[in-house]
Amino acid sequence: MQFIDQGNLIDDNTILVRRTLRSGQKVNFSGNVVILGDVNPGAEVKAFGHVIVFGSLRGMVHAGADGNEQAVVIAFRLQPTQLRIANHITRPPEDGSAAPDQPEIARIKDNVVTIDTFQSGSERQIPQKETDRYLT
Amino acid sequence: MGEVIVITSGKGGVGKTTTTANLGTGLASMGYQVVLIDADIGLRNLDVLLGLENRIVYDLTDVIGGNCRLRQALIKDKRYEGLYLLPAAQTKDKTAVNPEQMKQLCEDLLKEFEYVLIDCPAGIEQGFRNAIAGAQKAIVVTTPEMSAVRDADRVIGLLEAAELRKPVLIINRLRPKMVRHGDMMSMEDIIDILAIELLGIIPEDEMVVISTNKGETVLSDERARSGQAFRNIVRRLKGENVPLMDLDGAGLLTRLRRFIGLK
């Protein structure tokens, strides 16, 4: 049995929202935000760090709101009204393309907000701290 | 012990008042003692729907202001034994009442009635806060439109914040044919966003307009599909398990076509 170095993984600046955010409701936090529920149209999530939604993200989301371009947004169903990372503002294409049927990740690549299918495992998609080492 | 139920929606014109009138007549026709409160002070409508406009002497603000006794302000319905209306004032506004007074009023009414239904005004300001103050249960009405669903979502959030947990949903004015062609939000689309229990679906029906103009409720019309939908909702409200009606209402030919895959 090999233990991973948990010290490197601790990131205590995270809040867990155990409910659905409905229209008019807002979460504003100076760290990461994890939501166990949906973010409905008209709701807002603003975080200095990452935003992770275990549900449908249909509202407005702003990750890395203090200018952190490393921040990402992950959702089971990523269909935001508007998605912002640091000072980049994007909105979904208006051609009404089909709703995603798998978890997706939004992040800045080459100065452009890019959406990809979220894959856990070998490829590390969420940037960790600089000293980050998964296995010691 | 009775129950105080508020009928609300956020958006205007989605059918709160129609729903209140129909559920009220439905419960009264089953023999319950029912009172309907029109909380839309300044824009009263419920009296018109019930055809009781010309019988109003005292109203809700008179009762709260102590100008009359509660009994004096209650108007007995023309058709249904056991159905009463407490009308709203037309010449005042929402600030004439505060939430504590509404709470007290509901408690007083519960001593005499088994169901107190409150017709909430549109919006989320003081009129809304007054209307929900005394309620134990909430029914949210929406139509299959993005704006109505958005407002319903906002209202559900506010109800939950006000400790009115587990509101139930009525989808009004659904047009099955448009849903089938993908031109209207479906029941599934709406439930997907709002994620609350569905109490019933009312199909779009011109009979509602006809009965409203006559000061009657569509629920008492045996042939109206919307009336059937309201009757089902009343039974569900009482805890009965009534399946959703087949809204397609398609003729035999259409059903046959669909059966063999011609849509």
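Which residues does Ile118(B) touch, not counting residues up to four places away in sequence? In this predicted model, the list runs to Val4(B), Val6(B), Ile7(B), Ile37(B), Ala39(B), Ala131(B) and Ala135(B). That makes Ile118(B) a handy place to start, since this residue is among those with the most contacts inside the largest nonpolar core. Val34(B), Val35(B), Val116(B) and Ile132(B) share that billing, and the core as a whole has 77 residues. Its largest share comes from H7(B), which puts in seven residues. As a rule, nonpolar side chains in soluble globular proteins tend to be buried together.

Now take a look at Ile132(B), another of those well-connected core residues. Ile132(B) sits in helix H6 of chain B, residues 126-133, and is one of the buried residues there, along with Gly127(B), Phe128(B), Asn130(B), Ala131(B) and Ala133(B). Six of the eight residues of H6(B) are buried, so this helix is largely enclosed by the rest of the structure. What does the enclosing? The buried residues of H6(B) pack against three strands of chain B, S1 (3-8), S5 (115-119) and S6 (137-142), and against helices H5 (99-110) and H7 (146-161) of that chain.

Those three strands belong to an open sheet of eight, so let's step back and walk across the whole thing. The order in chain B is S3-S4-S2-S5-S1-S6-S7-S8, and the pairing is mixed. At the edges you'll find S3 (75-76) and S8 (197-203) of chain B, each pairing on one side only.

Head for the S8(B) edge. Strand S7 of chain B, residues 168-174, pairs with S8(B) in the parallel sense over five bridges. One bridge to pick out on screen joins Leu169(B) to its partner in S8(B), Leu198(B). Two helices are worth finding around here. H9(B), residues 187-194, lies across S6, S7 and S8 of chain B and runs at about 150° to S7(B). H11(B), residues 225-237, packs on the sheet too, touching S7 and S8 of chain B, with its direction at about 160° to that of S8(B).

Chain A is another story. Its elements are one helix and eleven strands, with the helix coming ahead of the strands along the sequence. Of its 136 residues, 31% are buried. Among contacts in chain A with a separation of 6 or more, 17% link residues 24 or more positions apart. There's a core to look at here as well: apart from the 77-residue one lies another of 24 residues, including Val39(A), Leu57(A), Val61(A) and Ile74(A).

How values were computed: Residues are numbered from 1 along each chain as its sequence is written. Chains are lettered from A and ligands numbered from 1 in the order in which they are written. This is a predicted model: local features need pLDDT of at least 70, side-chain atom pairs count only at pLDDT 80 or more; totals for chains, interfaces and linings use all residues. A residue is buried if 20 or more other C-beta atoms lie within 10 Å of its own, exposed if 12 or fewer, and partly exposed in between; C-beta atoms are placed from the backbone. Helices (H or I, at least four residues) and strands (E, at least two) are DSSP runs, numbered from the N terminus. Two residues are in contact if their C-beta atoms, placed from the backbone, lie within 7 Å. Two strands pair if DSSP finds at least two bridges between them. Axes are lines fitted to C-alpha atoms, for helices over the stretch in contact, and angles run from 0 to 180 degrees between N-to-C directions. A nonpolar core is a set of buried Ala, Val, Leu, Ile, Met, Phe, Trp, Tyr and Cys residues joined through C-beta atoms within 7 Å.
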